[in-house]
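Okay, thanks for squeezing me in today. Have a look at the model on the screen, and I'll talk you through what caught my eye.

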Amino acid sequence: MSEPYDPYVPRGGNAPAGAGRPGGSSKTAAIQAQIDDTVDIMKSNINKVAERGERLDDLQDKTDTLAVSAQGFRRGANKVRKNMWWKDMKMRFIIGFGIIILLIIIIVPIVKAVK
């Protein structure tokens, strides 16, 4: 039974990769160090993207909450505005009625005195 192919395991001989070439293992080590650095940078970038996604989710939740609060505030403000309008109208009617009563009180005795 044959083992599955693994590109990282050398095949066909006991000599390590780069053997027989001068400086081969140092080149391999340098490339491996670059690969490790690249892997670390990519892991860091992935973590930053995940954190950014979490912050965006939090921001979206806050935006939704603010929208709901704004809608409630708008409803409350409209209700208060309508109530104040009715109070203003009631006061205008009361003042108008009072002026009419006052005019009647003043004009009726004058009209009776002239007759």
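So, aromatics first: there is 1 aromatic pair in the structure. The partners are tryptophan 85 and tryptophan 86, and they meet edge-to-face, with 4.9 Å from centre to centre and 80° between the planes. Why call that edge-to-face? Because the planes are over 60 degrees apart, which is the cut-off for that label. Tryptophan 85 is partly exposed, by the way, at 47% relative accessibility.

I should say that this is a predicted model, so keep that in mind for everything that follows.

Now, the overall picture. The protein chain has 1 helix and 0 strands. That helix, α1, covers residues 24-114. How much of the chain is buried? Of the 115 residues, buried ones make up 3%. The chain exposes about 11000 Å², and 65% of that comes from carbon and sulfur atoms.

Next, charges. Side chains of opposite charge can pair when their charged atoms come close. Here the count is 1 salt bridge. Which residues make it? Aspartate 88 and arginine 92 do, with their closest N and O atoms 3.2 Å apart. That counts as a salt bridge because the limit is 4 Å. Both residues sit in helix α1, 4 residues apart, so we're talking about one turn of the helix, roughly. Is each partner buried or exposed? Aspartate 88 is partly exposed, with a relative accessible area of 33%, while arginine 92 counts as exposed at 53%.

There's also a negative surface patch, and it's formed by Glu51, Glu54, Asp57, Asp58, Asp61 and Asp64. Aspartate 57, one of that group, is in helix α1.

Last thing: a nonpolar surface patch of about 1100 Å². Its members include Met91, Ile94, Ile95, Ile99, Leu102 and Leu103, and also Ile106, Ile107, Ile110, Val111 and Val114. Take isoleucine 94 as an example: it is found in helix α1. Its relative accessible area is 57%, so isoleucine 94 counts as exposed.

That's my tour, and I'm happy to scroll back to any of it.

Key
Residues are numbered from 1 along each chain as its sequence is written. This is a predicted model: local features need pLDDT of at least 70, side-chain atom pairs count only at pLDDT 80 or more; totals for chains, interfaces and linings use all residues. Side-chain values use heavy atoms; hydrogens and water are left out. Patches are made of residues with over 30% relative accessible area and no salt bridge: like charges are joined within 9 Å, nonpolar side chains (Val, Leu, Ile, Met, Phe, Trp, Tyr) within 5 Å. Accessible areas come from the Shrake-Rupley method with a 1.4 Å probe; for residues, only the protein chains shown count as cover. A salt bridge is a side-chain nitrogen of Lys or Arg within 4 Å of a carboxyl oxygen of Asp or Glu. Helices (H or I, at least four residues) and strands (E, at least two) are DSSP runs, numbered from the N terminus. Buried means under 20% relative accessible area, exposed over 50%, partly exposed in between (1.4 Å probe, protein chains only). Lys and Arg count as positive and Asp and Glu as negative; His and the chain ends are not counted. The place of a charge is taken as NZ of Lys, CZ of Arg, CG of Asp or CD of Glu. Rings of Phe, Tyr and Trp (its six-membered ring) pair if their centres lie within 6.5 Å; planes under 30 degrees apart count as stacked, over 60 as edge-to-face and the rest as tilted.
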